[in-house]
Amino acid sequence: LSSCCTPIALITDHPERYRGKTVIVKGRVINTLRLEDLSFFTIKNHGKINITTTSFLPVKDDYVRVRGVVDDKFYYQRDTILVIREIVEIDEDVKPDFNRMVN
């Protein structure tokens with residue numbers, strides 16, 4: 001995990017400053033949720049934040065580093081929540097990591 005990350009607390013305290021910006025955050029996965037139309041997980045590191053992803057979900061208690069775009073107006077089930085939309089880059093030359101495919 002790199003030290004070039006944006007502190008989660010800064011994002012959650014001032015989401016308007018980070019709206020639409022690409023950030024890197026790191027932390028421990030405290031929960032995951034996969035629905036038909038949405039997959040997300042929550043990380044904690046001096047604050048908590050939800051991450052939406054189109055990739056495989058990490059396993060609870062994993063330490064992750066995520067690059068994504070801050071969305072402070074993510075609408076889900078009549079609520080607006082603060083999330084980071086993970087940027088998933090697919091490298092066609094790399095074989096899938098089946099250890100991440102637990103979920």
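Buried means under 20% relative accessible area, exposed means over 50%, and partly exposed lies in between (1.4 Å probe, protein chains only). Helices (H or I, at least four residues) and strands (E, at least two) are DSSP runs, numbered from the N terminus.

This is a predicted model, in which local features need pLDDT of at least 70, side-chain atom pairs count only at pLDDT 80 or more, and totals for chains, interfaces and linings use all residues. Residues are numbered from 1 along each chain as its sequence is written, and side-chain values use heavy atoms, with hydrogens and water left out.

**Exercise 1. Strand S3 and its partners**

Task: Explain why strand S3 counts as largely enclosed, then find the strands that pair with S3.

Solution.
Step 1. Strand S3 covers residues 48–52. Four of its five residues are buried, so the rest of the structure largely encloses this strand.
Step 2. Apply the pairing rule: two strands pair if DSSP finds at least two bridges between them.
Step 3. Take strand S2 (residues 39–44). S2 and S3 are antiparallel, with five bridges. Ile43 is set opposite Ile49 of S3.
Step 4. Take strand S5 (residues 79–86). S3 and S5 are parallel, with three bridges. Thr52 has Arg85 as its bridge partner in S5.

**Exercise 2. Close the barrel**

Task: In which order do the strands of the closed barrel run?

Solution.
Step 1. The barrel has five strands, in the order S1-S2-S3-S5-S4, and its pairing is mixed.
Step 2. The twist from one strand to the next averages 55°. Angles run from 0 to 180 degrees between N-to-C directions, and axes are lines fitted to C-alpha atoms, for helices over the stretch in contact.
Step 3. Check S4 against S5. These two run antiparallel and are joined by seven bridges. Tyr76 faces Asp79 of S5 across this pairing.

**Exercise 3. Inspect two loops**

Task: Which phi values do His46 and Gln77 take, and are these residues buried or exposed?

Solution.
Step 1. His46 is in the loop between S2 and S3. This hairpin has three residues between its strands.
Step 2. The phi of His46 is positive, near 55°, and His46 is not a glycine. His46 has a relative accessible area of 73%, so it is exposed.
Step 3. Gln77 is in the loop between S4 and S5. Its phi is also positive, about 45°, and Gln77 is not a glycine. Gln77 is exposed because its relative accessibility is 61%.

**Exercise 4. Trace the core**

Task: Which residues have the most contacts inside the largest nonpolar core?

Solution.
Step 1. Define the core. A nonpolar core is a set of buried Ala, Val, Leu, Ile, Met, Phe, Trp, Tyr and Cys residues joined through side-chain atoms within 4.5 Å.
Step 2. The largest one has 15 residues, and Ile11, Val25, Phe41, Ile43, Ile51 and Ile84 have the most contacts inside it.
Step 3. Helix H1 (8–13), strand S1 (22–34), S2, S3 and strand S4 (63–76) each give this core at least two residues.
Step 4. Look at Ile84. Contact means heavy atoms within 4.5 Å. Beyond four places in sequence, Ile84 touches residues including Ile11, Val25, Ile51 and Val70.
Step 5. Set this against the general trend: in soluble globular proteins, nonpolar side chains tend to be buried together.

**Exercise 5. Two buried threonines**

Task: Which polar contacts do the side chains of Thr42 and Thr53 make?

Solution.
Step 1. Define the term. A polar contact is a pair of N or O atoms within 3.5 Å; within protein, one must be able to donate a hydrogen and the other to accept it, and residues adjacent in sequence count only if both atoms are side-chain atoms.
Step 2. Thr42 is in strand S2. Its relative accessible area is 8%, so Thr42 is buried.
Step 3. The side chain of Thr42 meets that of Asn31 at 2.9 Å and that of Asn50 at 2.6 Å.
Step 4. Thr53 is in the loop between S3 and S4. Its relative accessible area is 9%, so Thr53 is buried.
Step 5. The Thr53 side chain reaches the backbone nitrogen of Ser55 at 2.9 Å. It also makes a polar contact with the side chain of Glu86, at 2.5 Å.
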